[in-house]
Amino acid sequence: FNIYMKKKVLVMFGGIAPEHEVSIITGLQVVEKMDRNLYDPIALFVDKQGKFQLLTGLNSRKDFFKAHKVEVSFGLDITGGFIKSAGFLGKKIYPAAAYLAFHGGTGESGPMQGLLEAVNIPFTSVNQEAAVITMNKQLTKQVLAGTTVKTVEGMSVFAIAIKANSAQVAKMAIDKLSLPVIVKPVHLGSSIGIKVARSEIELEKALIESAHIDNEILIEKFLTNFVEYNCSVRLISALTNGELEVSEIEKPVSQGEILSFADKYQRGGKKTGADGMASLQRELPAKIDARLREQIQTAAKTAFTACRCKG
C-alpha cells in the first residue's frame with residue numbers, strides 16, 4: 001500500500017427518510033469541501049427506494065442532476081470491503097472509509113451502520129448499536145434513566161393505541177402530565193411532526209397526526225423558559241482507554257418556542273446564500289459561564305457512554 005496514495009472515501013447521502021433532500025445538500029457539500037490533496041471522494045447516492053447509486057463525474061453541487069448514476073452493491077473479500085457495479089465484470093472499489101451524510105431514516109437509525117460493519121468498511125458517526133438507541137427518543141430516555149443525566153417527564157404510546165381510541169390516550173396523558181405537553185414521533189429527527197398541545201383537543205389532534213407518520217409517539221411535559229445547547233462528543237482512539245473529547249458548546253437560534261425544521265435548514269438561505277445545515281443561525285461558542293459549560297460537556301460524555309456510542 002502506497003502511503004502517498006489518496007484515500008478513497010465513500011460519501012453516502014440521501015436514503016429513505018423525510019429529510020432525504022436535506023441529506024443530499026449535506027452530502028454534496030462534503031464532496032465539495034473534502035481536501036482533494038488527501039482524499040478522493042466517491043459520491044454514493046441512496047435513492048428513496050434504498051438503491052445504491054454511484055454518481056460519476058460529480059465534483060460539485062451543480063453536477064448532481066447531470067451525473068451518471070451506476071447501481072452498485074456492497075461486498076467483502078480477502079482484500080476488504082468494497083462496492084461493485086452490476087454485472088459479472090463489474091468494477092470493485094475498495095474505500096478506506098465511508099462518510100455518512102444522512103439525516104434521519106435508515107441512514108441514521110442503524111441499517112447503514114450495520115451494513116458497513118458487516119463488510120468491514122470504517123465509517124463516521126456512531127456504531128450500529130448506538131444508532132439504534134439514539135434515533136429512538138424513548139429508548140434513549142430509558143437508557144439515560146440509569147445515569148446522572150436528567151430527562152423531561154413523559155410517556156410513550158404506540159400508534160395502534162392512538163388509532164383505536166385517541167381521546168382515551170389524550171385523557172391518560174393529561175392525567176399523568178397535565179397540560180401543556182409536547183408530542184414527538186419517537187423515531188423522526190429534525191423537529192418533524194413535533195407539536196405543542198395546550199388543550200385536550202389540540203393534544204388529540206397532534207396524537208392522530210403523529211400516529212400516521214410513526215409507530216410510537218412520545219408525550220412530554222412542555223418546558224417553558226428554556227435554552228437549548230448542542231455539544232458533540234467523540235472517542236479519540238480505542239488505544240487511549242476510551243478517552244472522550246468534547247466540542248465547544250453551540251447555542252442554536254430559533255424563531256419560535258421550539259427549534260423547527262425551518263430554523264435548522266431554511267432560515268439563513270436567502271440572507272447568507274447558505275443552505276442545509278449551514279443555514280442554522282447559531283451562537284458559537286455559546287456565551288455561558290465556565291460552570292454551565294462543564295456541566296453540559298459532562299452530561300454529553302455521560303450520555304455518549306451510556307448509549308454505547310463509539311467513534
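## A lysine over a ring

Let's start with Lys92, which lies over the face of Phe82, 4.4 Å from the ring centre. Keep in mind that what you are looking at is a predicted model. Phe82 has another partner too: with Tyr94 it makes an aromatic pair, edge-to-face, with 5.7 Å from centre to centre and 65° between the planes. Phe82 sits in strand β5 (residues 81-85), while Tyr94 is in the loop between β6 (92-93) and β7 (97-100), so this pair ties together parts twelve residues apart in sequence.

How well hidden are these two rings? Phe82 is buried, because its relative accessibility is 8%, under the 20% cut-off. Tyr94 comes out as partly exposed, at 30% relative accessibility.

## More aromatic company

How many aromatic pairs does a search of the whole structure find? There are five. One of them brings together Phe13 and Phe64, whose ring centres are 6.5 Å apart; the planes meet at 55°, so the pair counts as tilted. This pair links distant parts of the chain, 51 residues apart: Phe13 belongs to strand β1 (residues 7-14), and Phe64 to the loop between β3 (52-56) and β4 (68-76).

Both rings are tucked away. Phe13 is buried, at 0% relative accessibility, and Phe64 is buried as well, with a relative accessible area of 7%. Add Phe45 and you have an aromatic cluster made of Phe13, Phe45 and Phe64. Phe64 also has a lysine for company: the charged end of Lys69 sits over the Phe64 ring, 5.4 Å from its centre.

## Two cis prolines

Now for the backbone. Where in the chain is the peptide bond from Leu179 to Pro180, which is cis with omega near 0°? Look for Pro180 in the loop between α7 (166-177) and β9 (181-185).

Further along, Leu284 and Pro285 are joined by a cis peptide bond, with omega about 0°. Here the proline, Pro285, is in the loop between β15 (282-283) and α11 (290-306).

## Positive phi without glycine

Asn225 is not a glycine, yet its phi is positive, about 55°. You'll find Asn225 in the loop between β11 (216-221) and β12 (233-235). Is Asn225 buried or exposed? Asn225 counts as exposed, because its relative accessibility is 82%, over the 50% cut-off.

Arg308 also has a positive phi, about 65°, and is not a glycine either. Arg308 is in the segment after α11. With a relative accessible area of 43%, Arg308 is partly exposed.

## Cysteines without a bridge

A disulfide is a covalent bond between the sulfur atoms of two cysteines. How many disulfides does a search of the whole structure find? The search turns up zero. Take Cys307, which is in no disulfide: the nearest cysteine sulfur belongs to Cys309 and is 5.4 Å away. That pair doesn't count as a disulfide because the sulfur atoms would have to be within 2.5 Å.

The surroundings of the cysteines can be described too. Cys307 is buried, at 3% relative accessibility. Cys231, on the other hand, is partly exposed, with a relative accessible area of 21%.

Conventions:
Residues are numbered from 1 along each chain as its sequence is written. This is a predicted model: local features need pLDDT of at least 70, side-chain atom pairs count only at pLDDT 80 or more; totals for chains, interfaces and linings use all residues. Side-chain values use heavy atoms; hydrogens and water are left out. Helices (H or I, at least four residues) and strands (E, at least two) are DSSP runs, numbered from the N terminus. Buried means under 20% relative accessible area, exposed over 50%, partly exposed in between (1.4 Å probe, protein chains only). Rings of Phe, Tyr and Trp (its six-membered ring) pair if their centres lie within 6.5 Å; planes under 30 degrees apart count as stacked, over 60 as edge-to-face and the rest as tilted. A charge sits over a ring if NZ of Lys or CZ of Arg is within 6 Å of the ring centre and within 35 degrees of the ring normal.
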